[in-house]
Each structure stands twice: as C-alpha cells, then as structure tokens.
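Subject: Structure for your review

Dear colleague,

Please find the structure below. My notes on what was found in it follow.

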Amino acid sequence: MTIARLSDLADAALCPLLVVKVGSSLLVGPDGARRAWLQGLVAEIAEARARGQRVIVVSSGSIALGAGRLKLDKGGRGSLADAQAAAAVGQIALSGLWAELLGGEGVTAAQILLTLDDLEDRRRYLNVTATLARLLDAGAVPVINENDSVATQEIRFGDNDRLAARVAQAAQASAVLLLSDVDGLYDRNPREPGAQLIPQVQGVTPQVRAMGSAESASGMGSGGMTSKLQAAEIAELAGIALVIANGTHDRPIARATQERIGTLFCARRRSGARKAWLGGRLRLKGQLTVDAGAAAALLRGSSLLAKGVTQVTGPFERGDPVAICGDDGQVLAHGLAEYGSDECERLQGRHSSEHAALLGYAPRSAVIHRDQLVLK
C-alpha cells in the first residue's frame, strides 16, 4: 500500500508513522512563540496518535526564539557566533514549549538534537535509528532540531527540510509533511499572475527543480523551495512520500488532508537501507567524472570500472562517499570508493589488466562496486 493522495496522510493503515516539520516563521512571530497556533497543531498531533499513528516532529525556531530573547540583529543570523548563541538560549524555550503543550494532551515529548555528522556517519545513523524506534515504542513524540549551538557551516544541514527527510529515512516513516508558508509547489513563482499549484509530482525531474526558488518567503527561516525539493529527492529514494502544505492556517494538517491543499511527492522506489542512506547523503568527499560508455553501463546496473573514469576530484580515501558525474557535470550516482583518490588518478582510463602493475598489488574488481552504488 502506498500514499496516493493527501488524505492518505490521515490514514493509520497507509501512514503509520508521519514526520511533521514546522518552519520558523510558523512557530515564531514578532512577539515570540505563536503559542495559540502551536497548541492547535499539538491537538492535531494528539488526534493522529488517537487514530493509531505515530508522529515525529522536526521543529525549527530555536535561533529565532533565542535571538528575540538576546535582542540580536538579523534574527540571530548575522554571524555564526550569533546563531550558535541564539540557538543555545532558544532551544531551552523551544523544547519546554513542546513538552508543555504535548504534556497537556497526555503525550510525552522527547528532545533530540542532531548535527549533519549524526546522520552522515553510518554508525551514528544507526544509533539515531535505534533511539527513535525505542522512543516511538515507548509512546513518546520525538521533537528533533538541528544542534545549531555547536554546528558549524561545514557540518550543518542548513535547513530542517532536508533534516526531516533524513529523519524520516532513519525512522522508516511512511510520509513527511513539510509545513511552510506556501500551499505547495507552483509551476512558477507564486507571486506571479497565473501561477498554478501542482497537486502531485511523480519524481523530482530537472523540470521540477526549475520551478523551485532558493528564497525563504518569510526571511526568518533558512530553507526555500529548493531545499524542499532536495528533501523530496531524499524521501523518494527511501520510498517515502513527502507533502508540502501551508501551515499558516489553524489546524494545518486537517487543511492539507481534508481539503487536499498541498503538493504530494509520491514515493517511487524503496532502495535497500544502506543504499537509501548513501543516496540521501548531503556531504560527499570527492567526485569521479566518467565517459558516456561508463555512464550507460551504470544505468544498466554495472559497477564503475577505472577505464571509464576521465577525471578524479578529491582528496578522498577508500570507503568515502563520492559523486559520479557524466561529462556534462550531471550527477549520475553516489557510491563508496574502493580506492583513494591518489590510486584512482593512477588507474583512470586504464584497463583492468594493467592495474596490478600500476598499483604493485592485486587490484579490486571495480573503482565502485554496484552493491555500493546508488543511481540518482
């Protein structure tokens, strides 16, 4: 059974585990937390649990809340130090608010703060998976945010849209609901006359990506439509549906599911757990450019051989994740390298029969084996 329409998000049989992402502009207003609005959303979460669904919340807002309390300019995003300080203050307020309001509905809240490394490192990713499973089994609602108080530019998700998709992947959720300040994906900028809301998307294609905008309409958050489309791609690879819906209304989940206002990105395939983790990675260590013959072979399910590699961009070590790109620069796949970048440079373009002499030891069967490779 798959999620085929927006109303399916409220069906416990079709959607037993739902991840709900709440943007900063929804949770925080000029005068602080929008408590009344959040109370309504919490009531909807309690209703979902009453009909047999499990719920995970990915909540933005710590920087915005902390910036208000510290009276920092630019919403706390004027510098990395400001953002970290604002997050340290705001996270206490944010977690306390969720705990209080969920507690009022008889639900236990659990806070988890994550950095990019927690979901990019395979062992730590499995630890997150185990923690989420145990919390859900115990009846809690995990409330997750990026750990902005310690994350630097190099180890940040940068927005909670992609974080929500990666959390959904780790928890093996059925769907992700991104509550934002727009109704969904439009065929052009929604401010333009004649812009049309797209109710359903079957795969994030280059044409769909062209419809996105990197801008955040509120100016308060860090995401825009581009980050939401990237989240949809991560979810799609893991066989998870994703919905973009407008959260500025009261009872936003009901508006999306009952009035069917939003954009549904249908799940297209479910890769194995390891391949889904690999395909959803945001930080890669290098790049291998391949010729047309190798690109075609990859699409047929073959491993990547050194003969088809035309350029190596590093540095990276054996076992590191790398992008595989065609000669036009388009990313074809992600994979775990069987050789470091120095070895790849020595082997690129050379036939397998030459590898032992070039390396001085018995070569491996491929630069990237098909079992460690996922097409994009």
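The protein chain has 376 residues, for which a compact globule would have a radius of gyration near 21 Å; the value for this chain is 22 Å, which agrees. Please keep in mind that this is a predicted model.

Overall dimensions and make-up: the C-alpha trace spans about 70 × 45 × 40 Å along its principal axes. The chain has 14 helices and 15 strands. Of its 376 residues, 52% count as buried. Among contacts between residues at least 6 apart in sequence, 73% join residues at least 24 apart.

Surface and charge: about 16400 Å² is exposed by the protein chain, and carbon and sulfur atoms supply 48% of that area. There are 41 positive and 39 negative side chains, with the centres of the two sets 4 Å apart.

One strand was looked at in detail. Strand β1 covers residues 17-22, and 6 of its 6 residues are buried, so the strand is largely enclosed by the rest of the structure. Leu17, Val19 and Lys21 point one way from β1, while Leu18, Val20 and Val22 point the other way. Lys21 is thus listed with the buried residues of β1, as all of these are buried.

Which strands pair with β1? Strand β4 (residues 54-59) runs parallel to β1 and is joined to it by 6 bridges; in this pairing Val19 stands opposite Ile56 of β4. Strand β7 (residues 175-180) also pairs with β1 in the parallel sense, over 5 bridges, and here Val22 stands opposite Leu179 of β7.

Regards

Key
Residues are numbered from 1 along each chain as its sequence is written. This is a predicted model: local features need pLDDT of at least 70, side-chain atom pairs count only at pLDDT 80 or more; totals for chains, interfaces and linings use all residues. Side-chain values use heavy atoms; hydrogens and water are left out. Helices (H or I, at least four residues) and strands (E, at least two) are DSSP runs, numbered from the N terminus. The radius of gyration is taken over C-alpha atoms; the globule rule is 2.2 Å times the number of residues to the power 0.38. Buried means under 20% relative accessible area, exposed over 50%, partly exposed in between (1.4 Å probe, protein chains only). Contact means heavy atoms within 4.5 Å. Accessible areas come from the Shrake-Rupley method with a 1.4 Å probe; for residues, only the protein chains shown count as cover. Lys and Arg count as positive and Asp and Glu as negative; His and the chain ends are not counted. The place of a charge is taken as NZ of Lys, CZ of Arg, CG of Asp or CD of Glu. Two strands pair if DSSP finds at least two bridges between them.
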